[in-house]
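Visitor: Could you take me through this model, reasoning through each point before giving the answer?

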Amino acid sequence: MTNQDTPAPTRLEEEGEIAADYLEELLDIADLDGDIDLGVEHGRAAVEIVSEEAPGSLDRLVGEDGEVLDALQELTRLAVQARTGERSRLMLDVAGFRARQREALEKVAAEAVEHVKSSGESVALDAMNPYQRKIVHDWVAAAGLVSDSEGVEPARRVVIRPA
C-alpha cells in the first residue's frame, strides 16, 4: 500500500494522537502504568487512560471529585493547541471516571425531569462544573423540557423548568 492509499487522519484523530503522545510521556514521568484509548465522540476527540493491571493506580490522575482530571485535560488541550495552533475541545477520561460521572448525572437529571413533569414546578440542582451542566442540559433537552444555568462559578447550577 502506498501513502496515497492511506487516508489522512481527520483533525480530531490528529488531536487524539498528539494527546496520546503527551499523556504517554506524562505516564512515563510519573512512573504509572496505563494504556491510551483513542476515539471520537460527540464531535470531539476522546482520549482515555486505562489500566487493566492496576486501575486504582490511576486514581492520582483523577483526584477528589475529578479536579486533577480537569486540570490534566486542560494541560492536554494546551499541548494539542501548541502543536496544531487551534483550540482543542478533546475530552479526557481516566479509568472510566467521567463515564461513571455521566451515568450518575443522567440519573439525577432523569429524576429531576420526572419531578418537573409531575409537579409543574422548576427544580434547581446542586452546583456543577461546565462539563456536568452540559450533560444535564442535553438530558433535559432530550426530555422536552427547558434548562438554564444560573449563578456564578463555582456555585453555578442548572435549573430545570417546564417547557
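Guide: What follows is a set of questions and answers on strands, burial and charged side chains in a predicted model.

Visitor: In what order do the three strands of the open sheet lie?

Guide: The edge strands, each pairing on one side only, are E4 (123-127) and E5 (146-150). Strand E6 (residues 157-161) pairs with E4 in the antiparallel sense over three bridges, and Arg 157 of E6 is the bridge partner of Ala 127. The pairing in this open sheet is antiparallel, and the order of the strands is E4-E6-E5.

Visitor: Which helix packs on that sheet, and what angle does its direction make with that of E4?

Guide: Within the sheet, neighbouring strands are turned by 20° against each other on average, direction ignored. The helix that packs on the sheet touches both E4 and E6. This is helix H3 (residues 97-119), and the angle between its direction and that of E4 is about 160°.

Visitor: How many of the seven residues of strand E2 are buried?

Guide: Strand E2 pairs with strand E1 (residues 35-41) in the antiparallel sense over seven bridges, and it also pairs with strand E3 (residues 91-94), here in the parallel sense over four bridges. Across these pairings, Glu 41 stands opposite Arg 44, while Val 47 stands opposite Leu 92. Strand E2 (residues 44-50) is largely enclosed by the rest of the structure, because the number of its residues that are buried is six.

Visitor: Which residue in the hairpin of E1 and E2 takes a positive phi?

Guide: This hairpin has two residues between the strands. The positive phi is near 50°, and the residue that takes it is His 42.

Visitor: Is Arg 77, which forms a salt bridge with Glu 74, buried or exposed?

Guide: In the salt bridge of Glu 74 with Arg 77, the closest N and O atoms are 2.9 Å apart, and the two residues are three apart in helix H2 (residues 67-84), separated by about one helical turn. Glu 74 counts as partly exposed at 32% relative accessibility. Since buried means under 20% relative accessible area, the 10% of Arg 77 makes this residue buried.

Visitor: How many residues apart in sequence are the parts that Glu 74 and Arg 87 tie together?

Guide: The side chains of Glu 74 and Arg 87 meet in a salt bridge of 3.4 Å, N to O. Because Glu 74 lies in helix H2 whereas Arg 87 lies in the loop between H2 and E3, the pair ties together parts whose separation in sequence is 13 residues.

Key
Residues are numbered from 1 along each chain as its sequence is written. This is a predicted model: local features need pLDDT of at least 70, side-chain atom pairs count only at pLDDT 80 or more; totals for chains, interfaces and linings use all residues. Side-chain values use heavy atoms; hydrogens and water are left out. Two strands pair if DSSP finds at least two bridges between them. Axes are lines fitted to C-alpha atoms, for helices over the stretch in contact, and angles run from 0 to 180 degrees between N-to-C directions. Contact means heavy atoms within 4.5 Å. Buried means under 20% relative accessible area, exposed over 50%, partly exposed in between (1.4 Å probe, protein chains only). A salt bridge is a side-chain nitrogen of Lys or Arg within 4 Å of a carboxyl oxygen of Asp or Glu.
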